Amino acid sequence: MADDVLKVERHPNYVTLILNRPEKRNALNQVLFQALDAELAVIEKSPEVRAVILRGEGRAFCSGIDLREIGQIVGGGGVTPEHVFSRIQKLPMPTIAAVQGDTLTGGLVLALTCDLRIAAQGARLGMTPARIGYLPTFPIFRRFIETVGPANTAEIMYLADPLDAARSREIGLVHKVVPDDQLAAAADVWAAKIAGNAPLSVRAMKVSIQRVMSKAFEIDHKDIDELGNKVRTSNDAKEGVLAFLEKRKPVWKGE
Amino acid sequence: MADELFKVERHGAYATFTLNRPEKRNSLNEPMLKALDEAVASVEHDKGIRAVILRGNGRGFCSGIDLAEAERLEGGHNPVSLERIFKRLEHLPVPTIAAVQGAALAGGCELALHCDLRVAADDLRMGMTVARVGLVVPYNFIRKLIEIIGAANTSQILYTAEPVDAQRALQMGMVHEVVPAAKLDEAAIAWAEKVAGNAPLSLRTMKKSMRRSLDESNDAWHEDIIEMSRMVRSSKDAKEGIRAFLEKRKPVWQAE
């Protein structure tokens, strides 16, 4: 179906998942999270799938969570972003994000849940929650610090200014930069290369990397989660979202 | 006061701290450290401040602790201990930006690293020259280096005791951006304004998440190393190193 929010291409040894809401810069809404979750459940149990590509249709990879639905998505009882992100991170086979154009906030987190990232030259990668009074969850901070270190994480989070593809490559946020029109092909090459390696080796390697990192995910952070919930439900957060939708500058009150 | 060793200025939503001992390349003495401690304390609970710039007047950011006072400042027992004050700076609830130029050495390098963000002038020379004078870097400062530039770069910086230039510092991730020396203040202000324009509660909680994530993965046992460091600091070599530095001659090491 052309109007599916998630398109799935099945290749002999790998699967490509395509975010397909180009008119909304592939913003993640509830339907899209549900579609991703359902497809991940299938892939988890498919030993013949040796790599997964995640990419976005149109000019942007993904502009993040759809702010029009953020109330339901973050607070609601449906499929949560954390659940989907964690499910991608735990997939037993390597995952490759192919990103172009806007790769922002939830969109960048989505890319970071993958093992490898290829960017088109025109990509803009950033975390913009500080602009609207929101806050990434604790595991997202872990993921960033793991990938680009604390100093670069501080720049990305506090300035809330997207980085271009070249700078992203420098700090290790992406592995490779290619001309815009070669992005899909470059991702296919990597997926085919991985799928051509010994599947048991590759799966065991992925488990090893995950295990090395796992201790860090056991750090107690309940108090910070509480604090995060306060920030997300603060007047500033409401103001930030409203100002974004009304295309004006927010007025912060620190409450 | 023009002769203040340390200046604190407020500019709307951010504060600027200035090391102001240019004739000594802003080397840190006891009054300056006390003033830094007080300045940090004064913004800890100030909800109006959303970012802090730390800069140095003159040609260099900071050449480290004033070796004429090294013995008093280093020990860790002293209330004006570098480690305690830098840790307080590191845990300041709002983002901090160091604007570094010229010499940012030893304690001056660490001071910049204990900020969240670093903007550098193209004439920067940043490094840990401590091994040259037979002193030792406190455990927490080594942890800080590893946190920012990784173990391999930390080895280079510590063991060669050779400062790196701005470009190399940028490559290592020791600084975030390099600008022409004349544009340094402008660049730091642009960053402070950008940060201060973001949502204050988001920023504070982000910083808390980052510190937790780092602190708890870094609280390895190191009592033995603290003991070892005490020994090094009170060694004959350390006394010789400082004396040689002050007398501008090469030190003679005896490994005792």
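These legends go with a set of close-up views of a predicted model.

**View 1. Strand β2 of chain A, a covered strand with a partner on either hand.** Zoom in on residues 14-19 of chain A and you are looking at β2(A), a mostly covered strand in which 6 of 6 residues are buried. Side chains in a regular strand take turns between the two faces of the sheet. Here Tyr14(A), Thr16(A) and Ile18(A) point one way, while Val15(A), Leu17(A) and Leu19(A) point the other way, and all are buried. One partner is β1 (residues 6-10) of chain A, which pairs with β2(A) in the antiparallel sense over 5 bridges. To find your place in that pairing, look for Glu9(A), which stands opposite Thr16(A). Just 3 residues sit between β1(A) and β2(A), and the two strands form a hairpin. Another partner is β3 (residues 51-56) of chain A, and this time the pairing with β2(A) is parallel, over 6 bridges. Leu17(A) of β2(A) faces Leu54(A) of β3(A) across that pairing.

**View 2. Asn26(A) and Lys248(B), a pair of residues with positive phi.** For residues other than glycine, phi is negative in most cases. Asn26(A) is not a glycine, yet its phi is positive, at about 55°. Look for Asn26(A) in the loop that runs between β2 and α1 (30-44) of chain A. Is Asn26(A) buried or exposed? Its relative accessibility is 0%, so Asn26(A) counts as buried. Over in chain B, Lys248(B) also has a positive phi, near 55°, without being a glycine. Lys248(B) belongs to the segment after α10 of chain B. With a relative accessibility of 79%, over the 50% cut-off, Lys248(B) counts as exposed.

**View 3. The largest nonpolar core, with Leu173(A) in the frame.** This core has 79 residues, and the ones that touch the most other members are Phe144(A), Tyr158(A) and Leu173(A). Which helix gives the most to this core? That would be α6 (residues 138-159) of chain A, with 10 residues. Leaving out neighbours within four places in sequence, the contacts of Leu173(A) include Leu108(A), Leu112(A), Leu125(A), Phe144(A), Val148(A), Ile156(A) and Leu163(A). Arg117(A) and Ser168(A) are also in contact with Leu173(A). Another core lies apart from this one, with 56 residues, among them Phe61(B), Leu92(B), Ala98(B) and Val164(B).

**View 4. A three-stranded open sheet in chain B.** Follow the strands in the order β5-β7-β8 and you have an open sheet with mixed pairing. At the edges are β5 (103-105) and β8 (164-165) of chain B, each pairing on one side only. β5(B) and β7 (residues 125-127) of chain B run parallel and are joined by 3 bridges. If you want a landmark, Leu105(B) has Gly127(B) in β7(B) as its bridge partner.

**View 5. The second largest pocket, lined in part by α10(B).** This pocket holds about 780 Å³ of space. There are 36 lining residues, and those closest to the centre of the pocket are Ser63(B), Leu67(B), Thr129(B), Val133(B) and Phe245(B). Two elements of chain B give two or more residues to the lining, namely α4 (107-113) and α10 (236-246). α10(B) gives the most, with 4 residues. Sorted by class, the lining has 20 nonpolar, 6 polar and 10 charged residues.

**View 6. Gly107(B), a buried glycine in helix α4 of chain B.** Gly107(B) has a relative accessibility of 9%, under the 20% cut-off, so it counts as buried. Which residues does Gly107(B) touch, not counting those up to four places away in sequence? They are Leu28(B), Gly64(B), Ile65(B) and Phe86(B). For a sense of scale, the C-alpha atoms of Gly107(B) and Ala15(B) are separated by 22 Å, and the two residues are 92 apart along the chain.

**View 7. The largest cavity, lined by parts of both chain A and chain B.** The model has 5 cavities of 30 Å³ or more. About 110 Å³ of space lies in the largest cavity. Of its 17 lining residues, Cys115(B), Asp116(B), Lys144(B), Glu147(B) and Arg211(B) lie nearest the centre. The elements that give two or more residues to this lining are α6 of chain A plus α5 (139-160) and α8 (200-215) of chain B. The lining residues sort into 9 nonpolar, 1 polar and 7 charged.

How values were computed. Residues numbered from 1 in each chain as written. Chains lettered and ligands numbered in written order. Predicted model: local features only at pLDDT ≥ 70, side-chain atom pairs only at ≥ 80, totals over all residues. Heavy atoms only, no water. 1 Å grid on protein atoms, 1.4 Å probe; cavity = no way out; pocket = protein on both sides within 12 Å on 5 of 7 lines; lining within 4 Å. Points joined across faces, edges and corners; volume = space filled by probe spheres on them. Nonpolar A, V, L, I, M, F, W, Y, C, P; charged D, E, K, R; others polar. Buried < 20%, exposed > 50% of the residue type's maximum accessible area, 1.4 Å probe, protein only. Contact = heavy atoms within 4.5 Å. Core = buried A, V, L, I, M, F, W, Y, C linked by side-chain atoms within 4.5 Å. Pairing = 2+ DSSP bridges.
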